[in-house]
2 protein chains.
Amino acid sequence: MSKQMVEKITNMDADFAQWYTDVVTKAELIDYSSVRGSMIIRPYGYAIWENIKAALDEEIKRTGHENVYMPLLIPESLLQKEKDHIEGFAPEVAWVTHGGDEKLAERLCIRPTSEVLFAEHYKNIIHSYRDLPKLYNQWANVVRWEKTTRPFLRTLEFLWQEGHTCHETEEEADAETTQMLGIYADICERVLAIPVVKGRKTEKEKFAGAKYTYTIESLMHDGKALQSGTSHNLGTGFAETFGIEFLNRTGKLQPVHQTSWGFTTRIIGAMIMVHGDDKGLVLPPAIAPIQVLIVPIAQHKEGVLDAAYALRNSLKTSVRINIDASDKKPGWKFNESEMKGIPIRLEIGPKDIENQQVVLVRRDTGEKICVQNHEIDKRIQSLLQEIQQSIFAKALEHRVNNTNVAFNMGDFKEQLLDGGGFIKAMWCGAQTCEDLIKEQTQATARCIPFEEEAVSDACVYCGKAAEELVYWAKAY
Amino acid sequence: MSKQMVEKITNMDADFAQWYTDVVTKAELIDYSSVRGSMIIRPYGYAIWENIKAALDEEIKRTGHENVYMPLLIPESLLQKEKDHIEGFAPEVAWVTHGGDEKLAERLCIRPTSEVLFAEHYKNIIHSYRDLPKLYNQWANVVRWEKTTRPFLRTLEFLWQEGHTCHETEEEADAETTQMLGIYADICERVLAIPVVKGRKTEKEKFAGAKYTYTIESLMHDGKALQSGTSHNLGTGFAETFGIEFLNRTGKLQPVHQTSWGFTTRIIGAMIMVHGDDKGLVLPPAIAPIQVLIVPIAQHKEGVLDAAYALRNSLKTSVRINIDASDKKPGWKFNESEMKGIPIRLEIGPKDIENQQVVLVRRDTGEKICVQNHEIDKRIQSLLQEIQQSIFAKALEHRVNNTNVAFNMGDFKEQLLDGGGFIKAMWCGAQTCEDLIKEQTQATARCIPFEEEAVSDACVYCGKAAEELVYWAKAY
């Protein structure tokens with residue numbers, strides 16, 4: 001493996017797709033298996049997911065939600081109850097037809113999402129306004145039968161959390177949908193250092209069965225967008241279909257208002273494509289499994305390894321720290337730690353010991369910083385924060401530099417050819433315009449941003465009156 | 001729901017199976033769904049699983065293991081590679097035959113366990129003794145197509161962790177198999193307060209494809225045993241079949257030595273059946289989602305609710321504490337908290353406030369303890385420990401009282417009729433005797449205990465020379 005680590009990876013500007021594949025495999029995030037379209041998430045990749053999960057789970061619980069676990073398999077008749085929902089998902093579900101040697105009387109699909117299971121359960125347990133709200137979440141695997149797959153970004157199976165809530169009023173469901181989108185945006189920006197645009201999906205792009213869908217959209221290094229989390233207001237559609245009714249405060253039966261929202265392992269793909277560079281991963285300190293790697297210099301010399309281990313031991317309660325004391329050459333170790341995106345490399349050699357100092361090297365900028373022994377702990381803490389903020393600022397700058405306004409389809413197409421990015425353009429609201437833009441450019445309506453803005457009063461496609469600004473982009 | 005809570009549950013000695021069903025539903029651990037044999041794990045049940053998982057995950061990581069995630073679906077050809085393994089699992093797997101509208105060229109099964117996926121991956125990443133050991137674990141759902149199911153105890157789908165490791169030597173694999181069984185035993189005894197017998201499975205009962213299987217066995221209230229965790233030494237069988245070979249220290253290619261080990265949501269069923277009583281659940285404080293429930297008495301009187309909330313706030317950093325300030329009557333709240341097995345009920349009313357005290361009530365014994373305000377925190381901490389130890393001691397006493405020796409099949413059958421329990425009896429080692437005992441009594445060989453013992457020198461079935469003592473029991 002070490003041999004592979006220092007092999008050059010593809011230059012990201014030469015072939016971004018190949019660069020991505022090189023990084024996910026050589027940084028040992030994933031491996032392939034004989035299962036088409038699925039990935040093995042290796043220890044380093046899974047540790048990143050565990051850190052993201054812990055941060056998000058804390059927010060989910062802090063806001064009063066409870067975790068549950070629903071069955072993996074859904075009977076076909078149950079999935080078919082909600083018309084829009086089945087239409088959206090039927091083409092992409094995996095069907096179980098046999099249990100052992102026995103053919104099943106009814107096919108079961110592997111959950112592509114669990115709205116119908118939650119709906120059935122909620123019908124059982126909700127009777128009165130006193131039973132509301134119900135604020136449930138589950139961490140689970142789901143399967144969607146995708147034709148073309150790429151690690152993290154689009155896989156047959158992925159890991160996610162899916163929240164499903166029931167409320168007394170429309171206002172409460174609205175507030176919940178907004179709150180959860182806000183939490184996803186916060187996890188992206190604060191924890192993963194990925195700037196996002198918050199907005200609403202068009203009717204065409206909304207979730208199958210939803211009243212409306214909110215989304216956060218981020219911009220990758222190659223100018224393509226990535227949907228990074230969605231929060232749906234389901235209205236009373238599922239409730240009416242499944243009969244989830246309650247006696248309200250005036251003693252009348254009425255359907256509940258529902259939401260659902262999901263965040264997936266896909267975000268790891270976004271993190272790679274937002275922060276990575278030609279040396280490999282660049283991990284945000286907040287979720288890096290190893291925040292500091294100690295590389296001893298001239299480690300055969302007396303006292304070096306002892307000093308390195310002593311340092312590790314003194315720091316391990318305040319930072320996630322490892323030491324590479326293998327017999328590889330330091331240069332080799334530097335390359336490995338860069339490939340793995342470890343935020344800080346700490347070098348310590350005989351001269352450093354003599355001078356009572358160490359050298360800290362930032363992964364994101366390559367900057368080297370000499371730090372006196374008594375300041376190491378404090379300096380590492382502040383440096384981790386600086387790196388976290390700095391890679392966020394860099395990603396935000398990239399997004400700003402790659403967000404352009406188009407007033408007509410000439411502008412629009414030119415900007416797509418010139419590096420892509422987000423295109424802000426007015427839209428009349430007609431799905432035909434949206435369809436034709438996609439047909440002609442492959443760009444889709446990413447969202448109608450919450451921060452309203454009007455760059456003109458004419459639809460970028462048809463020129464008719466337009467009030468809504470849309471972020472358009474080619475997307476993963 | 002509250003109404004259901006105070007309905008009487010079935011008496012456990014009258015109908016233990018119905019008592020169990022009543023408890024899992026009325027304590028709101030699970031709900032049923034339209035998915036045959038699967039269960040919905042509700043918030044209270046899932047919180048218990050999260051606490052068990054956290055305790056076990058900590059031990060798994062402390063001993064150097066890393067978490068990974070493998071695909072859910074296994075191609076039929078991959079599953080079939082290991083002969084014993086496929087024979088063991090084929091009758092009970094769910095088969096996916098269609099993706100969307102398309103019939104698959106090769107069927108995929110939903111993992112019943114993941115040995116073959118780990119084997120395939122290990123072959124890719126292990127080349128030299130320097131790559132060893134590999135100590136991987138995954139937290140996942142698995143599916144086994146069971147005919148008869150019961151919540152937690154036997155379900156089509158269950159949650160578990162499965163560890164899969166590779167080692168240089170047989171000795172290391174032996175040590176790992178033993179270590180992991182020890183960790184399972186520790187989680188059962190220290191965290192779940194369930195006493196276990198550690199031992200080895202007979203050839204008939206071992207895992208499909210293993211060299212040998214270690215197990216921990218516990219005894220339920222009704223005298224039936226429950227396999228509570230297993231640790232398998234796989235030897236070099238999978239390694240030879242899958243070609244997981246490495247260059248050893250003398251430069252020769254050799255297969256790795258492997259282990260696998262698993263611990264499941266089944267243990268929640270054991271916890272219920274070991275500690276529960278006619279009022280419902282009795283939860284070990286170490287994993288109770290709510291360790292203390294405050295029930296205000298005469299809460300409409302001035303100052304009562306304020307005092308209750310102030311108490312909750314002052315205790316919430318040191319204990320998992322809730323308050324029931326609903327408008328139900330205190331007796332109702334007492335019943336609910338007993339049904340849910342909350343270890344300590346804390347009563348506070350006007351008189352208590354006047355006397356600067358509260359009343360603590362133990363769920364396990366019903367004992368009431370007056371505690372002065374300044375001692376509450378300390379007393380709760382010590383009481384939680386006392387309860388944890390006390391329910392363990394009670395369960396151990398039950399096991400001791402229900403473990404008997406049989407010298408012949410007359411004894412054996414009589415003891416099974418007389419309440420069951422563990423039967424310690426000598427066995428000659430012949431599978432025919434083991435088969436016939438099962439056929440005649442439905443009792444199976446639970447394990448050959450690590451603590452060797454000889455109660456006679458003749459096989460309880462055939463009377464021939466016998467050196468091994470076996471724990472026999474009817475089992476879940």
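Begin by selecting Asn141(B) in this predicted model: the residue is counted as buried because its relative accessible area is 4%, which falls under the 20% cut-off. Asn141(B) sits in strand β7 of chain B, which covers residues 134-143.

Next, show the side chains around Asn141(B) and look for its polar partners. The Asn141(B) side chain makes a polar contact with the side chain of Tyr69(A), at 3.2 Å, and another with the side chain of Glu157(B), also listed at 3.2 Å. If you then display the residues in contact with Asn141(B), leaving aside neighbours within four places in sequence, you will find Tyr69(A), Leu72(A), Arg111(A) and Asn141(A) from chain A, together with Tyr69(B), Leu72(B), Arg111(B), Glu157(B), Phe158(B) and Leu159(B) from chain B.

From Glu157(B), move along strand β8 of chain B, residues 157-167, where 11 of the 11 residues are buried. In a regular strand the side chains alternate between the two faces of the sheet. Colouring the two sides of β8(B) separately shows Glu157(B), Leu159(B), Gln161(B), Gly163(B), Thr165(B) and His167(B) on one of them, with Phe158(B), Trp160(B), Glu162(B), His164(B) and Cys166(B) on the other, and both faces are covered.

Which strands should be selected beside β8(B)? One is β7(B), which pairs with β8(B) in the antiparallel sense over 10 bridges; within this pairing, Leu135(B) has Thr165(B) as its bridge partner. Another is β14(B), residues 257-264, which runs antiparallel to β8(B) and is joined to it by 8 bridges, with Gln161(B) partnered by Phe263(B).

Now turn to a sheet further along chain B, an open one of 5 strands with mixed pairing, in the order β16-β15-β17-β18-β19. Its edge strands, each pairing on one side only, are β16(B) at 321-323 and β19(B) at 368-372, and the twist from one strand to the next averages 25 degrees. Inside this sheet, select β17(B), residues 344-348, and β18(B), residues 357-362, which run antiparallel and are joined by 4 bridges; Ile344(B) has Arg362(B) as its bridge partner.

Add the helices last. Helix α11 of chain B, residues 330-339, lies across β15(B) and β17(B), running at about 170 degrees to β15(B). Helix α13 of chain B, residues 376-401, packs on the sheet and touches β15, β17, β18 and β19 of chain B, its direction making about 10 degrees with that of β18(B).

Key
Residues are numbered from 1 along each chain as its sequence is written. Chains are lettered from A and ligands numbered from 1 in the order in which they are written. This is a predicted model: local features need pLDDT of at least 70, side-chain atom pairs count only at pLDDT 80 or more; totals for chains, interfaces and linings use all residues. Side-chain values use heavy atoms; hydrogens and water are left out. Buried means under 20% relative accessible area, exposed over 50%, partly exposed in between (1.4 Å probe, protein chains only). A polar contact is a pair of N or O atoms within 3.5 Å; within protein, one must be able to donate a hydrogen and the other to accept it, and residues adjacent in sequence count only if both atoms are side-chain atoms. Contact means heavy atoms within 4.5 Å. Two strands pair if DSSP finds at least two bridges between them. Axes are lines fitted to C-alpha atoms, for helices over the stretch in contact, and angles run from 0 to 180 degrees between N-to-C directions.
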